[in-house]
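Ready to work through a few short exercises? Have a look at the model first, then try each task before reading its solution.

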Amino acid sequence: MPAYVISEVEVRDAAAMEAYRTLAAKTIAQYGGRYLARGAAAEVVEGGPPPKTIIIVEFPSMARLREWYASAEYAEALKLRRIALERRLMFVEGVLPV
């Protein structure tokens with residue numbers, strides 16, 4: 001069953017963000033992930049507050065997603081993340097096909 005990483009981010013440092021994005025993208029691909037949404041405009045149609053930048057990544061499974069997040073490769077990107085951006089991060093299990 002697929003699993004998703006949903007990030008709501010606010011950029012702190014544009015140069016560090018670009019470096020983080022490059023490293024993160026490489027590790028995501030390495031662990032079988034793919035971007036579904038990456039920084040495109042988001043619109044709130046109910047509730048609040050206004051959205052920040054939204055990123056959605058799909059992994060083949062929750063196990064693979066967790067492997068990626070705990071990996072030595074992604075740890076390098078996480079060092080930059082602390083400087084580059086503020087974020088709220090969620091892991092969500094997908095739905096089995098009917």
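Below are three exercises with worked solutions, all on a predicted model.

**Exercise 1.** Work out how the rings of Tyr69 and Tyr74 are arranged: stacked, edge-to-face or tilted?

*Solution.* Start with the distance: rings pair if their centres lie within 6.5 Å. The count by this rule is six aromatic pairs. For Tyr69 and Tyr74, the ring centres are 5.8 Å apart and the planes meet at 40°, so this pair is tilted. That follows because planes under 30 degrees apart count as stacked and those over 60 as edge-to-face, with the rest tilted. Now zoom out: ring pairs join Tyr69 and Tyr74 with Tyr20, Phe59, Trp68 and Phe91 in a cluster.

**Exercise 2.** Sort Tyr69, Tyr74 and Thr22 into buried, partly exposed or exposed.

*Solution.* You need two cut-offs: buried is under 20% relative accessible area, and exposed is over 50%. Take Tyr74 to begin with: its relative accessibility is 0%, so it's buried. Tyr69 comes out at 32%, so call it partly exposed. Thr22 has 52%, which means it counts as exposed.

**Exercise 3.** Find where Thr22 sits and which backbone oxygen its side chain reaches.

*Solution.* Locate the residue: Thr22 belongs to helix H1, which covers residues 14–30. Next, follow its side chain, which gets to the backbone oxygen of Glu18 at 3.0 Å. Finally, look further along the chain: Ala77 is 55 residues away from Thr22 in sequence, yet their C-alpha atoms are 8.6 Å apart.

Methods
Residues numbered from 1 in each chain as written. Predicted model: local features only at pLDDT ≥ 70, side-chain atom pairs only at ≥ 80, totals over all residues. Heavy atoms only, no water. Buried < 20%, exposed > 50% of the residue type's maximum accessible area, 1.4 Å probe, protein only. Helix = DSSP H or I, 4+ residues; strand = E, 2+ residues; numbered from the N terminus. Polar contact = N/O pair within 3.5 Å; in protein donor to acceptor, adjacent residues only side chain to side chain.
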